[in-house]
Amino acid sequence: MNPETPSKLTKIFGLDLRSLAVFRMGLALVVMADLLSRAKGINAHYTDAGVLPREILTQQLLHPWYWSFHLISGDFFFQVFLFLIAFLIALALLAGYRTRLAIIATWALNVSLQNRNPALIFAGDDVLRAMLFWAMFLPLGCAYSLDSALNSSPKPLPKRFVSGATFAFIVQLIFIYTWSAAYKTKSELWWPDGDAVYYSLSFDQYATEFGHFLLGFPIPILRILTFGALIFEWVGPFIILIPFRTSFFRCLGIISFIFLHLGFELSFSIGVLSYLSVVNWLTLIPTELWDKGTQLISTTARKGLTIYYDADCGFCKKVVHFIRTFLILPGTPLLIAQDHESIYADMLEKNSWVVVDWENKRHYKFEAIAYVVSLSPILYLFAPLLRWQPLMNVGTKFYETIASNRKFAGNFTRPFKFRPLQVNSSLPFNIITLFLLFLTTMWNLQSFVDQTVARRPLKDDWINKTHHFLNRKTFQTINIIGYITRLDQSWSIFAPAPPRDDGWHVIVGKLKDGTEVNILDEKRPISWDKPTLKNRQTLYQTIQWRVYFINLNRTMGKKLYPHFADYLCREWNKKHSTDQQLESFEIYFMDERTVPPGETQRVEKKKVWQQSCSGE
């Protein structure tokens, strides 16, 4: 098919390779941010000395078909090693080096990390896990990557790619919103009452200062926001499937959902979820927008740029390919200096690559780097800094050192090999991805009907019949694939209803000398007053701790409290002298269940755990 005249199917379910590259880089950055957040609690959350030792996890909380490399050892340094490996692989994904292997490894390590402590799992983790899975089947390294820079195939890559994987990715993106909307319709708070936004913003565990500002709006306004959010989740995702003026409606969908998630980010502390969601929508940037952008940046200076390199220097050849790719100067000729007598003479005399501009002026050494950077549509802002004379002097010295030691410098680029890149959509590949999408669809349907049946009286309707059908032994066996791949999913954030079990913990410790201390913050005196949002931010530090404290007050908390209490004893006594050792403590939950609009909020003090630290 002529890529200039794509079919309707390709326009709707195809993805531009440049958009996939933006998605790859954004996804890698989100993974890295997630790892950095989790790294703050490595000891507490992932080692045997933390809140959930491996033995307890495997005996009480871990699903039989879930797996985790992080269960190999509960040692702190082993967990640090896995975190470091995951971060380095995410860096490779960001740069687009051996992209397919990098995304597979990133997915595997992310699943492993999530399975290690289910008490930390939040909606953002579910979205990240799902998108990493489908990303394994997409050609993410075909643009703006080391792989594309070193593409040795003479056959040009297409701009747009359509396959079972692109179809599955788009359907999965739609599922996140439409299934969430479906769950919400089961609660009167969303429809017809319209009080869901009020309850969501009242949940202090997630709310931000801006969220509290919105909570001050009149109830009729909050109800309009509730109905608007619900309708938009139902209808909004399908904008991208409109078969006419597809590029326009796709851009409209992207912009709309970006603003939606920016609103969520301002209103709630929800970790990487908003950023990840924005990254997901950038995958849909249409080819027409990229082409228009390419035309806008195709200035005379950029079109007139030519770069010459030393054919006898493998390091030089690779570096100029990297420069062209990452400075976003596609189409710039990269020519062998030896094939042009005058250029070759200059190369030998200057001991430098030769950059020729649109006016046929030649540039050398570090000054040539500054010139090429000045043509980059993104990094041109750094050109004045590179031309700053002190930096120019240092850069020139560095360039001359590298130029005089090319063989040694080649050691740093040796791992990067020229390889052919191909974009294929084979029948077996498409069958596999569509089968996995079918399982994902069945899983979402099963989760929806199971929750519906559990929340209502028994009815003889399609939901009950579907519930019985999907819980047959055959489907239970097939579900194993979902557990192993972690395609099991349920998009129920703030659904069916926003959480109303709000409150905060107070942990009163008694030292051996009889002194009472605040275990959660020993610098502050014991207080039963409601903490400010700033105090909560100091207490939780990361989204993982925030989710953990929420889960302590849920059904899972009965299994978590004993080991959380043991952890508190160990950590306190490890950090304090003998006379300041912790003798015992009591954990209280100040239950502030959210009441309907206009009613007086009440707080109930509950003792949820008592612990002796003797023997710790």
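Which residue in β5 does Thr 306 stand opposite? Some notes on that and on one helix pair, bearing in mind that this is a predicted model.

1. Val 356 is the residue in β5 that stands opposite Thr 306. Zooming out a little, β3 (residues 306–309) and β5 (residues 354–356) pair in the antiparallel sense, with three bridges between them.

2. β3 also pairs with β4 (residues 334–336), this time in the parallel sense and again over three bridges. Look at Tyr 308 here: its bridge partner in β4 is Leu 335. To get from β3 to β4 the chain goes through helix α17 (residues 314–326), and the resulting β-α-β crossover is right-handed.

3. Now the side chains of β3. In a regular strand they alternate between the two faces of the sheet. In β3, Thr 306 and Tyr 308 sit on one side, Ile 307 and Tyr 309 on the other, and all four are buried, so both faces of the strand are covered.

4. Over to the helices. α2 (residues 17–39) packs against α7 (residues 123–135) with the axes 12 Å apart and an angle of about 140°. Angles over 145 degrees would count as roughly antiparallel, so this pair is oblique instead. The crossing of α2 past α7 is left-handed.

5. If you want to inspect that contact, α2 brings Phe 23, Leu 27, Val 30, Val 31, Asp 34 and Arg 38 to it. On the α7 side, they meet Asp 125, Leu 128, Met 131, Leu 132 and Ala 135.

Terms used:
Residues numbered from 1 in each chain as written. Predicted model: local features only at pLDDT ≥ 70, side-chain atom pairs only at ≥ 80, totals over all residues. Heavy atoms only, no water. Buried < 20%, exposed > 50% of the residue type's maximum accessible area, 1.4 Å probe, protein only. Helix = DSSP H or I, 4+ residues; strand = E, 2+ residues; numbered from the N terminus. Pairing = 2+ DSSP bridges. Right-handed = clockwise from strand over helix to strand, strands pointing away. Axes fitted to C-alpha atoms, helices over the stretch in contact; angles between N-to-C directions. Parallel < 35°, antiparallel > 145°, perpendicular 65-115°, else oblique. Left-handed = near helix turned anticlockwise from the far one by under 90°. Contact = heavy atoms within 4.5 Å.
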